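Reader: I'm new to this one and would like to know where the labels come from. Could you take me through them?

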Amino acid sequence: MKKLVVFGGTGRTGLAVLTRASQDPELQVTAYLRKPEKVPVNVRSKIKIVLGNVLDADQVANVIEGQDAVISCLGKGFNICPTTLISEGVKNIVQGMREHGVKRIVLVGVAFLLPGRKTMFILKEITADHERALNYLKKCKDIDWIMSMPPQIIDAPYTDTYKVAINKLCGSKKATTHDIAHWMLTCVKDEEVAKEYKHQLVGISSFLSFKQGLTRLKIGYYGLFAFALVGTLWYSGWLKNIFP
Ligand SMILES: NC(=O)c1ccc[n+]([C@@H]2O[C@H](COP(=O)([O-])OP(=O)(O)OC[C@H]3O[C@@H](n4cnc5c(N)ncnc54)[C@H](OP(=O)(O)O)[C@@H]3O)[C@@H](O)[C@H]2O)c1
């Protein structure tokens, strides 16, 4: 039985990690988070929740005490403003790991930081913060870190056919939340995998089945249709009469 603490467990990827980890008999899970109401009740009942902010170094160190491994899925949602959350959060986590002799951490990064890839202009601030965290980790030779580097993350189930590769993406430019979670938990549980991917950037790509792809396409078409309808009604003045 491994003791695992998860940061960012209320985010898209983090919730997939908590959901999967809570069903795993090999894991005893603690989630360090700010908004417990975001965790479904069936998951909440199977894990320990500690409330706190990742920017509080002392509380972060306390929750890491006695753990075997850490997962970090920290992020800023769709906020594209300058931030230091991830880099400062990772520093606090590593400091806590050193204080309590915990060595293994698996994190979510961004595929933009894989060799030879460039960030999108609109995402340059969040990428810069991931890069600060990565540059810091590269100096932490005493910590066994693995950074998972997804391209676009999509809220979708485990596919069983996802691929990982060191320093590159091998295939699609999408990764499902549950594939990323599965990979991160494998890095926590499997000693051979942990050894092979230690101190590496690992690209991850999911391959959606035809049916899954079609469902996503349909959602996209419905969204486009709704957008076009609202735009037309607004332009024709009909909506302006109702919401002047
Ligand atoms: N979106 C994409 O397509 C994409 C692609 C590649 C990589 N990424 C990266 O992947 C990572 C995970 O993305 P995601 O979309 O799964 O994450 P997300 O939905 O943005 O969730 C971020 C998590 O971080 C937590 N958090 C933020 N500030 C915190 C603080 N001060 N203290 C404690 N927890 C805090 C949030 O908690 P609260 O619920 O309390 O806010 C939430 O649980 C991000 O770093 C993102 O940059 C995203």
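Author: Here is a short run through the helix pairs, the ligand shell and the domains; keep in mind that this is a predicted model.

Reader: Why are helix 1 and helix 6 called oblique to each other?

Author: Take the angle first. The axes of helix 1 (residues 12-22) and helix 6 (residues 177-189) cross at roughly 60° and come within 8 Å. Angles under 35 degrees count as roughly parallel, and 65 to 115 as roughly perpendicular. Roughly 60° fits neither range, so the pair is oblique. The crossing is also right-handed.

Reader: What makes the contact between helix 1 and helix 6, residue by residue?

Author: From helix 1 you have Arg-12, Thr-13, Ala-16, Val-17, Arg-20 and Ala-21. They meet Thr-177, His-178, Ile-180, Ala-181, His-182, Met-184 and Leu-185 of helix 6. Sorted by class, that contact has seven nonpolar, four polar and two charged residues.

Reader: And what makes helix 3 oblique to helix 4?

Author: Helix 3 (residues 57-64) packs on helix 4 at about 50°, with the axes 8 Å apart. The roughly parallel label needs an angle under 35 degrees and the roughly perpendicular one starts at 65, so helix 3 counts as oblique to helix 4. This crossing is right-handed. On the helix 3 side sit Ala-57, Val-60, Ala-61 and Ile-64, and their partners in helix 4 include Asn-92, Ile-93 and Met-97. The contact divides into six nonpolar, three polar and one charged residues.

Reader: How do you know that helix 4 and helix 5 are roughly parallel?

Author: Helix 4 and helix 5 (residues 124-138) pack at an angle of about 25°, and their axes are 7 Å apart. The cut-off for roughly parallel is under 35 degrees, so this pair gets that label. Helix 4 brings Leu-85, Ile-86, Ser-87, Val-90 and Lys-91, while helix 5 brings residues including Asp-129, His-130 and Tyr-136. By class there are six nonpolar, two polar and three charged residues in this contact.

Reader: Which residues come nearest to the ligand?

Author: Gly-8, Thr-10, Gly-11, Thr-13 and Gly-75, out of 27 residues around the ligand. Thr-13 is also one of the helix 1 residues that meet helix 6.

Reader: Which element gives the most to that shell?

Author: Helix 1, with three residues. Helix 4 (85-99) and strand 7 (152-154) each supply at least two, as does helix 1. Overall, the shell splits into 12 nonpolar, 10 polar and five charged residues.

Reader: Last one: how many domains are there, and how far apart are their centres?

Author: The domain assignment gives two entries, domain 1 (2-208) and domain 2 (209-244). Their C-alpha centres lie 34 Å apart.

Methods
Residues are numbered from 1 along each chain as its sequence is written. This is a predicted model: local features need pLDDT of at least 70, side-chain atom pairs count only at pLDDT 80 or more; totals for chains, interfaces and linings use all residues. Axes are lines fitted to C-alpha atoms, for helices over the stretch in contact, and angles run from 0 to 180 degrees between N-to-C directions. Helices (H or I, at least four residues) and strands (E, at least two) are DSSP runs, numbered from the N terminus. Angles under 35 degrees count as roughly parallel, over 145 as roughly antiparallel, 65 to 115 as roughly perpendicular and the rest as oblique. A crossing is left-handed if the near helix is turned anticlockwise from the far one by less than a right angle, and right-handed if clockwise. Two residues are in contact if their C-beta atoms, placed from the backbone, lie within 7 Å. Ala, Val, Leu, Ile, Met, Phe, Trp, Tyr, Cys and Pro count as nonpolar, Asp, Glu, Lys and Arg as charged, and the others, Gly among them, as polar. Domain bounds come from an automatic or database domain assignment. A residue is near a molecule or strand if its C-beta atom, placed from the backbone, lies within 6 Å of it.
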